[in-house]
Amino acid sequence: MSTATQPASSLASSASGGSMEGSAHPVARHPLDAHAPDVVRVLRDDGTLDPANDPGLRSDEVLTLYRAMVRARLLDERLVLLQRQGRIGFHIGCKGEEASILGSAFAMRQNDWIFPCYREFAAALWRGMPLQRYVDNMFGNTNDPVKGRQMPDHYTWKSGKFGSVSSPIGTQITQAVGFAWAAKIRKEDAAVLVYFGDGATSSNEFHNGMNFAGVFKAPTVFFCRNNGWAISVPTERQTASETFAQKGIAYGVPGVRCDGNDLFAVVKVTRDAVARAARGEGPTIIEALTYRLEGHSTSDDPKAYRPEAGLDSWRRLDPIPRLRRYIERTTGWTDAQDKELEAELDAELKAAIAVSEKTAAPALESMFEDVFGELPWHLQEQRDELLRGPRAKGHGH
Amino acid sequence: MPQMNMVQAINDALRHEMRRDNRVVVLGEDVGKVGGVFRVTQGLFDEFGDERVIDTPLSEGGIIGTAIGMALYGLVPVPEIQFSDFIFPAYDQIVSELAKYRYRSGGEYPAKLVIRTPTGGGIRGGHYHSQSPEAQFIHVAGLKVVCPSNPADAKGLLLASIRDPDPVLFFEPKRIYRAAKGEVPEGDHTVPLGKASVVRKGQHVTIVVWGAMLYEALDAANQAAAQGIDCEVIDLRTLWPLDIETIITSVKKTGRVVVVHEAPKSCGLGGEIVALINEKAFLHLEAPPKRVTGFDTPFPYTLEMEYLPLSHRILPAIIETARY
């Protein structure tokens, strides 16, 4: 890994495919290539929409999505602060990728499912997971949907037709395909959208999942958030393909690229992919060109590998101000309304944090539950031993 | 009751359950038209069609990953891994995902499926067609591991595994696929998971064994009997969770134990069984527990009969333990 003192140019020249974002000649596969001719864009710089691909969202839908994007942004910022204060252990956010996540989640029908990786809490909230439950997961307390058994941001929300988050990269991809395939076998109308990053396209699971979905025409929407980085490794080091969407060619799966910071473009391509799946035509791979404005997680300092100056162009493409310009133009949305919205969301968030922080840790014996359907003898013995024995200090028991 | 071999009994169990429950699907490499490389799924494709007996692309990770997704949807997949040696490309899906789904989702997503796979040596298969990797799965929280030794148990344990709420690895000892024959109950016949079988009653030495090595242990026990040593032979049937009660009851009676398994010796299930006996019945022991196992080498081709813990190696261990 390079150091913070290393000039940006040395990192750029080490990349096999060419220069880094922020330079004069971005390579085609890089997310900065959102203006390439094959990339679906709808929201123009002046805040108007390209009628050719306009998904036709109602004004109230756009405002609801804007609100969800701002909420995700505020959550991200607040959770990073909580981690820095030592009040939560970890956060892995989506700052800069809100349009990709919310646009795609919005485009799924009620009977469709979402299989997440770990950066899509906004999709879980969109699917109905209460904010309190999400924040409970961040604290790993007794009300955490996963009972404090996984790191923060590893939640689950089955009643919202939302999967379970795992840390290993790409494992959800084949599972999503199997799930979609099962729906097809049962002749039930459900598609599955599976999220993953550009790094996951290097995993076995991506290739297994694409291959199986292609062969069996499983109604799957592969949603690759090409956010430029897999921890410290840039897109150019992840693949020698020109694009991630073109990887579909090898599997007989159509690929499409869209401007992932353009809410309307994301809705348009995802809706098309779902419609294709619903017609029985099989999977689609979407490459959403977006950018990870922060580090990989709170455990990562991107200054060590990513020149700060290069972020400016991405900050200009930030999906929230872009959508803000649109709603200002179409609804007369004002700065005062923004302030009001932020104050309302901030209050909601603060209240949830206060409740979560005061909620007790999971009960000791819960550690032994859900390993098997019923508690076998060896776990009964080990549970009793733990309950009898000395307690770790400072962990609420 | 009809006479069957192991292959026929497993086939009978699959057919029975697929008729009873239309959520059950079989998937894997060559399981369809050809009926599996050992013919275990023969005829199922013709009866149930290609949406329930599915020939997949050649990818163990893909088979198990998609089977997990099917299970999450509500199907009951019974994927086949052609040889247990080839299970490792799917290891991450089994260990990181399948085993932990119920736990990691706070009980929201119990993922249950039965992975069937031929296992063990003695068929001149070299080390990519002969290994016994059961201990590597027993060490993972959340998995159940089964290994039948006869046709009736194979049917009964497989039906119980398919109906069990937890993910099960079902290891089929291929050396006895056709060699082990016996009466198999018709129709619905289950053998409960977690219950061992006392195959031979005896007073002097307990032998704990499973799978194909059961017959070697019985052979050794018969030879020992000629020397006045009366062995009790326990077939584990379910390797995890273990039927510790049956083992401890027997050891308390005999005071002596020999554990036999094909898998390598170090960190194998035999070591765990000995540790449990030490924890629970130490003061009843009259001799140090012994293990007769495969060696800590890759499984060999030409010398496989020297590698396997056959009766010629089990008998001296029984005698040594009995005379300690």
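In which strand of chain B does Glu232(B) lie? Glu232(B) belongs to strand 11 (residues 231–235) of chain B, where helices (H or I, at least four residues) and strands (E, at least two) are DSSP runs numbered from the N terminus.

The legends below describe a predicted model, in which local features need pLDDT of at least 70, side-chain atom pairs count only at pLDDT 80 or more, and totals for chains, interfaces and linings use all residues. Residues are numbered from 1 along each chain as its sequence is written, chains are lettered from A and ligands numbered from 1 in the order in which they are written, and side-chain values use heavy atoms, with hydrogens and water left out.

**View 1. Surroundings of Glu232(B) in strand 11 of chain B.** Glu232(B) has a relative accessible area of 4% and is therefore buried (buried means under 20% relative accessible area, exposed over 50% and partly exposed in between, with a 1.4 Å probe and protein chains only). The side chain of Glu232(B) forms a polar contact of 2.9 Å with that of Ser250(B) and another of 2.5 Å with that of Lys253(B). A polar contact is a pair of N or O atoms within 3.5 Å; within protein, one must be able to donate a hydrogen and the other to accept it, and residues adjacent in sequence count only if both atoms are side-chain atoms. Beyond its neighbours within four places in sequence, Glu232(B) is in contact (heavy atoms within 4.5 Å) with Val198(B), Arg200(B), Lys201(B), Gly202(B), Val205(B), Thr206(B), Ile207(B), Ser250(B) and Lys253(B).

**View 2. Backbone of chain B at Arg237(B) and at Pro241(B).** Most residues other than glycine have a negative phi, and most peptide bonds are trans. Arg237(B), in the loop between strand 11 and strand 12 of chain B, has a positive phi, near 65 degrees. At 12% relative accessibility, Arg237(B) is buried. A cis peptide bond, with omega about -5 degrees, links Trp240(B) to Pro241(B). Pro241(B) is located in the loop between strand 12 (238–240) and helix 9 (244–254) of chain B.

**View 3. Packing of helix 6 of chain A on helix 3 of chain B.** The axes of helix 6 (residues 171–185) of chain A and helix 3 (residues 60–73) of chain B are 6 Å apart, at an angle of about 55 degrees. The arrangement of helix 6 of chain A and helix 3 of chain B is therefore oblique. Axes are lines fitted to C-alpha atoms, for helices over the stretch in contact, and angles run from 0 to 180 degrees between N-to-C directions; angles under 35 degrees count as roughly parallel, over 145 as roughly antiparallel, 65 to 115 as roughly perpendicular and the rest as oblique. The crossing of these two helices is right-handed (the near helix is turned clockwise from the far one by less than a right angle; anticlockwise would be left-handed). Residues of helix 6 of chain A in the contact include Phe179(A) and Trp181(A), and those of helix 3 of chain B include Met70(B) and Tyr73(B). By class, the contact of helix 6 of chain A with helix 3 of chain B has 10 nonpolar, 7 polar and no charged residues; Ala, Val, Leu, Ile, Met, Phe, Trp, Tyr, Cys and Pro count as nonpolar, Asp, Glu, Lys and Arg as charged, and the others, Gly among them, as polar.

**View 4. Helix 7 of chain A beside helix 3 of chain B.** The axes of helix 7 (residues 204–216) of chain A and helix 3 of chain B come within 9 Å and cross at roughly 75 degrees, so the two helices are roughly perpendicular. Glu205(A), Asn208(A) and Phe212(A) meet Gly61(B), Gly62(B), Ile63(B) and Thr66(B). This contact has 2 nonpolar, 4 polar and 1 charged residues.

**View 5. Helix 6 and helix 7 within chain A.** These helices pack at about 15 degrees, with their axes 7 Å apart, and are therefore roughly parallel. Their crossing is left-handed. Among the residues in contact are Trp181(A) and Lys184(A) of helix 6 and Phe212(A) and Phe216(A) of helix 7.

**View 6. Asn141(A) in a loop of chain A.** Asn141(A) lies between helix 5 (131–139) and strand 3 (156–157) and is buried at 2% relative accessibility. The side chain of Asn141(A) reaches the backbone oxygen of Ser356(A) at 3.1 Å.
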